[in-house]
Amino acid sequence: MNTYVLEDFYHTHPFYDYSYVVVRLRDQDNRANDFAFQLNFNKTFNPLPDHPRLTDVQTQIARRFAKEAPDELILLFKQRVVEAKAYGEKNPSTYLEFEPGNYYNFYELFPRNKEMLDFNFNKVQYFAEDSYDIDPRNDNRSLKLAFYKLELDNANQAPIFSSTYYLDERLREKEDAKLDPSNSDMLIAINQSIPDFNERLKKRYKEAKKIGQELLKNAPEIKVQEGKIKPNEPCPCGSGKKYKKCCALMLN
């Protein structure tokens, strides 16, 4: 009879809603028999993508484990989900990945910050979402601003408009001149509602770059491969996938 040790894993992203835990059963006698699956809180299970396919015996074990999981154990897992998210609130580097050129919403970088960029325009409440390129090697001195109506019950609304916001006043004036008059008026309104708007964004820009600096220290080194890469060779980005199923898709 195999003796297993249970290991449980959680997402730390504070904005990621999920009702499951990733369980790995580790065979104390033979690590080759280790396997993992997704245990749902409704006492069902799912195989994990990008993991070895479960054998028939492992599938039976996972199904029985999920079905017979004590309510006390499910409650413990739920409590640990809350704890994992609380940890992510304090340590965003636990769920962020360093991706050059990718913009991160400020609340993803600093989820504990409750300083919303909200304002009133034509007697309607709006807010601006600010996103930053965290790569410290790219001193672009700009960010992305997206404007929304302040509707707390509508999390999936599309932005009214978005634009590049330059911290340099001269560049900002050139960019603002490209906006439609109504959008330009909205930008004026947020500056009037938040007198230190530009200074606040400068501060957030520096904070975002600081996060990027920390992530860059731990980012995996990308190997440069000379010559033509064959479709079935490992992708040089280090993803572990074949080149034809990874970066080659971005070039087509």
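# Briefing on a predicted single-chain model

Of the 252 residues of the chain, 36% count as buried. The model is predicted, and its chain contains 7 helices and 9 strands. Four residues, discussed below, illustrate particular places in this chain: Asp34 in a loop, Gln213 in a helix, and Asn122 and Arg141 in loops.

**The chain as a whole**

- The chain exposes about 16700 Å², and carbon and sulfur atoms supply 49% of that area.
- Among contacts in the chain with a separation of 6 or more, 50% are accounted for by residues 24 or more positions apart.

**Asp34 and its surroundings**

- Asp34 lies in the loop that runs between strand S2 (20-27) and strand S3 (35-40).
- Asp34 has a relative accessible area of 19%; it is classed as buried because this value falls under the 20% cut-off.
- The side chain of Asp34 reaches the backbone nitrogen of Asp27 at 2.7 Å.
- A polar contact at 2.4 Å also joins the side chain of Asp34 to the side chain of Arg31.
- When neighbours within four places in sequence are left aside, Asp34 is in contact with Leu25, Arg26, Asp27 and Gln58.

**Gln213 in helix H6**

- Gln213 belongs to helix H6, which covers residues 197-218.
- The relative accessible area of Gln213 is 36%, so this residue counts as partly exposed, a class that lies between 20% and 50%.
- Gln213 and Asp135 are separated by 78 residues in sequence, while their C-alpha atoms are 7.2 Å apart in space.

**Two loop residues with positive phi**

- Asn122 occupies the loop between strand S6 (117-121) and strand S7 (124-133).
- The phi of Asn122 is near 55°, a positive value in a residue other than glycine.
- Asn122 is exposed because its relative accessible area of 61% is over the 50% cut-off.
- Arg141 is placed in the loop between S7 and strand S8 (142-149).
- Although Arg141 is not a glycine, its phi is positive, at about 50°.
- With a relative accessible area of 35%, Arg141 is partly exposed.

How values were computed
Residues are numbered from 1 along each chain as its sequence is written. This is a predicted model: local features need pLDDT of at least 70, side-chain atom pairs count only at pLDDT 80 or more; totals for chains, interfaces and linings use all residues. Side-chain values use heavy atoms; hydrogens and water are left out. Buried means under 20% relative accessible area, exposed over 50%, partly exposed in between (1.4 Å probe, protein chains only). A polar contact is a pair of N or O atoms within 3.5 Å; within protein, one must be able to donate a hydrogen and the other to accept it, and residues adjacent in sequence count only if both atoms are side-chain atoms. Contact means heavy atoms within 4.5 Å. Accessible areas come from the Shrake-Rupley method with a 1.4 Å probe; for residues, only the protein chains shown count as cover.
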